[in-house]
Amino acid sequence: MATRKRKTFDPSLKLEVVRMIKEQGQSIQNVSESMDIGSTAIRRWLAQYTAEQSGQPGIGKPLTAEQQRIRQLELENQQLRQDVTILKKASVSSTGQRNSSVLMTSSRRIKCQELAGRGYQPKKRQSFGIDGKMANH
């Protein structure tokens, strides 16, 4: 038994088929036979179009350009909300660490404030002058 490959249709073609039925009054059966498209698919497109016209998102891919733009903006809005949530979680987990100085020692991060509490005093940096001699600070 051979498997049939599923046909894909451009949204503009779907919209054209829906308008043939809605505006020109052609029957679903007539359009289905003339364009070699299944009547079930056409019925789904009609339901999608009707939902979009009433302001609902409908099911499946949007047919009208307006609904396509709305869907795109909704996805973008969802992504931005996720980004904000991630940033909020990151800022909460880093509270108290943002403005403290950190000493890097053998790939471990240790707060200088904690070290100072244990009596650690960092060494002063040594600098050298142009002549190569150690400068006094």
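W45 is buried, at 6% relative accessibility. The model described here is a predicted one, and this tryptophan is a convenient place to enter it.

W45 forms an aromatic pair with F9, and the arrangement is edge-to-face. A pair of aromatic rings is described by the distance of the centres and the angle of the planes. For F9 and W45, the centres are 5.2 Å apart and the planes meet at 75°. An angle over 60 degrees counts as edge-to-face, so the 75° between these two rings places the pair in that class. The count of aromatic pairs comes to one.

The two partners come from separate parts of the chain. F9 sits in the segment before α1, which covers 11–22, while W45 belongs to helix α3, residues 39–53; the pair therefore ties together parts that are 36 residues apart in sequence. F9 has a relative accessibility of 23% and counts as partly exposed, whereas W45, at 6%, counts as buried.

Both residues also take part in the largest pocket. Rolling a probe the size of a water molecule over the atoms shows where empty space is left. The largest pocket has a volume of about 630 Å³. Its lining is made up of 19 residues, and those nearest the centre are R6, K7, F9, R44 and W45. Helices α1 and α3 each supply at least two residues of this lining. The most comes from α3, which gives four residues. By type, the lining of the largest pocket holds eight charged, seven nonpolar and four polar residues.

Just ahead of α3 in the chain is a further local feature. D36 lies in the loop between α2, residues 28–35, and α3. Most residues other than glycine have a negative phi. The phi of D36 is near 55°, a positive value in a residue that is not glycine. D36 is exposed, with a relative accessible area of 57%.

The wider frame can now be set out. The chain contains five helices and two strands. Along the sequence their order is α-α-α-α-β-β-α, with the two strands between the fourth helix and the last one. The chain has 137 residues, of which 18% count as buried; W45 is one of the buried residues. Of the contacts between residues at least 6 apart in sequence, 24% join residues at least 24 apart. The chain exposes about 11,600 Å², and carbon and sulfur atoms supply 52% of that area.

Terms used: Residues are numbered from 1 along each chain as its sequence is written. This is a predicted model: local features need pLDDT of at least 70, side-chain atom pairs count only at pLDDT 80 or more; totals for chains, interfaces and linings use all residues. Side-chain values use heavy atoms; hydrogens and water are left out. Rings of Phe, Tyr and Trp (its six-membered ring) pair if their centres lie within 6.5 Å; planes under 30 degrees apart count as stacked, over 60 as edge-to-face and the rest as tilted. Buried means under 20% relative accessible area, exposed over 50%, partly exposed in between (1.4 Å probe, protein chains only). On a 1 Å grid over the protein atoms alone, a cavity is a set of points where a 1.4 Å probe fits but cannot get out, and a pocket is an open set with protein on both sides within 12 Å along at least five of seven lines; lining residues have an atom within 4 Å of a point. Grid points are joined across faces, edges and corners, and a volume is the space filled by probe spheres set on the points. Ala, Val, Leu, Ile, Met, Phe, Trp, Tyr, Cys and Pro count as nonpolar, Asp, Glu, Lys and Arg as charged, and the others, Gly among them, as polar. Contact means heavy atoms within 4.5 Å. Accessible areas come from the Shrake-Rupley method with a 1.4 Å probe; for residues, only the protein chains shown count as cover.
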